[in-house]
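Colleague: I should like to go through this structure with you and ask how each term is justified. May we begin once it is in view?

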There are 2 protein chains.
Amino acid sequence: MRVVLEEEVLADNNSSAKFNRDLFEKSRTLVINIMSSPGAGKTTLLEKTVSALGKEFSIGVIEGDLATEKDADRIRAHGAQAVQINTNGGCHLDARMVAKVLPEFDFDKIDILFIENVGNLVCPSGYDLGQNYKVAILSVPEGNDKIPKYPVMFRRTEMVVLNKIDLLPYLDFDVNMAIEDLEGINPDSKMLQVSSRTEEGLDEWFSWIRQAYTRNQVQ
Amino acid sequence: MRVVLEEEVLADNNSSAKFNRDLFEKSRTLVINIMSSPGAGKTTLLEKTVSALGKEFSIGVIEGDLATEKDADRIRAHGAQAVQINTNGGCHLDARMVAKVLPEFDFDKIDILFIENVGNLVCPSGYDLGQNYKVAILSVPEGNDKIPKYPVMFRRTEMVVLNKIDLLPYLDFDVNMAIEDLEGINPDSKMLQVSSRTEEGLDEWFSWIRQAYTRNQVQ
């Protein structure tokens, strides 16, 4: 299934998000929008995910960055189709940018599409891309105060991945406080603790994706 | 010297930035706009700076955050005057927000004003606040690719502080590559290597501030 874009689809973010969502539902593609600060580990988590799940699922990735094709290249090295969007200074992806690159995928063949947003803990949270799930990555070196300080992001996610837990011995980060802060601001969101580097906790992340995929097939 | 704001000052960012700059020049206040990703260590660096230089200079701090008074409280605990701006979801400070809080300072008594921007490696770079210097903090755990991936920020700074160098033994970060990337994109910018946590390298940062202050008095 290849996408044809009509002009009205691109009229505004809501029209584009609806177009994207309708397409994803029709093709039963699970779509996950991954957001975080720069350097929290979005691309590394996706590299590990593509490596681990690439035989079970056909995976596509959209990479959002201000500049460079670096992240798409990293994903392609693991065998998944990756399309790079350069926002040329823009601080987030919007549904129109996503809609415009959808024709590059064959949706009969894509089970899961990850959208890696621009590294930014503020702006991406305001833009519906038509995804099934919004995942925020928080990394241990960013410190304990980020959930209350960036409430707009953490209030709207279905899942928070706490990454770089291998650095916990070297830093003052209180995991329980982070869990409590998230429960206070967004009781429906879960938190997984992982290290993409050491792969600790990644099995739980993969299980969550498998369950989300299955739920999406049944609905 | 206390500030009186007229309505036309707030007409747009350029008018407000000019108003701020004129005031800072008249009072010979050195003003440094500090920008970085969330969690790169802006507030910790400022805490150490206020502690170390607070007897030499009268220091004021403006703290920009989406929500909470946490950062201003941290600065106040070290004896400096701190004024918190909450952007209520806004992804950067602009010159108007800064102009509006300037009446809270007595500029006859402020030698150095630090403005800690919202944690965001994209949006703050586009807004002149009327400062003398723009400093970007990059932290080791964010990884080696940030300078080419966020060129808009690093192209416009006078100084980059590479923070959290105490974590270099635990991470794959190539300091020389970061220096080369910065030279390639912005040959006029310097890079200092520090750890606010262990205080390694901070003396160079303090020296740079002292020299900037002296230059600003002479001009």
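**Strands, sheets and the contact**

Modeller: In chain B, strand β1 (residues 30-36) is joined to strand β5 (residues 133-139) by 5 bridges, and the two run parallel. This is a predicted model, in which local features need pLDDT of at least 70, side-chain atom pairs count only at pLDDT 80 or more, and totals for chains, interfaces and linings use all residues. Residues are numbered from 1 along each chain as its sequence is written, while chains are lettered from A and ligands numbered from 1 in the order in which they are written.

Colleague: Why are β1 and β5 of chain B called paired strands?

Modeller: A strand is a DSSP run of E with at least two residues, a helix is a run of H or I with at least four, and both are numbered from the N terminus. Two strands pair if DSSP finds at least two bridges between them. β1(B) and β5(B) are joined by 5 bridges, so they pair. Within them, Asn33(B) stands opposite Lys134(B).

Colleague: What makes the sheet of chain B an open one with edges?

Modeller: Its 7 strands follow the order β3-β2-β4-β1-β5-β6-β7, with parallel pairing. β3 (81-86) and β7 (190-193) of chain B each have a single partner strand, so one side of each is left without a neighbour in the sheet. Neighbouring strands are turned by 20° against each other on average, direction ignored.

Colleague: How is the direction of helix α2 (residues 42-53) of chain B described?

Modeller: Axes are lines fitted to C-alpha atoms, for helices over the stretch in contact, and angles run from 0 to 180 degrees between N-to-C directions. On that scale, α2(B) runs at about 165° to β4(B). The helix lies across β1, β2, β4, β5 and β6 of chain B.

Colleague: How do you know that chains A and B are related as by a two-fold rotation axis?

Modeller: Copies are superposed by least squares on the C-alpha atoms of residues with pLDDT of at least 70 in both. Chain B can be laid on chain A with an RMSD of 0.0 Å by a turn of 180° and a shift of 0.0 Å along the axis. The two copies are thus related as by a two-fold rotation axis.

Colleague: Why is it said that the copies meet through the same surface?

Modeller: Residues are in contact if their C-beta atoms, placed from the backbone, lie within 7 Å. The contact takes 30 residues from chain B and 30 residues from chain A. Of the interface residues of chain B, 100% are also interface residues in chain A, so the copies meet through the same surface.

Methods: Contact = placed C-beta atoms within 7 Å.
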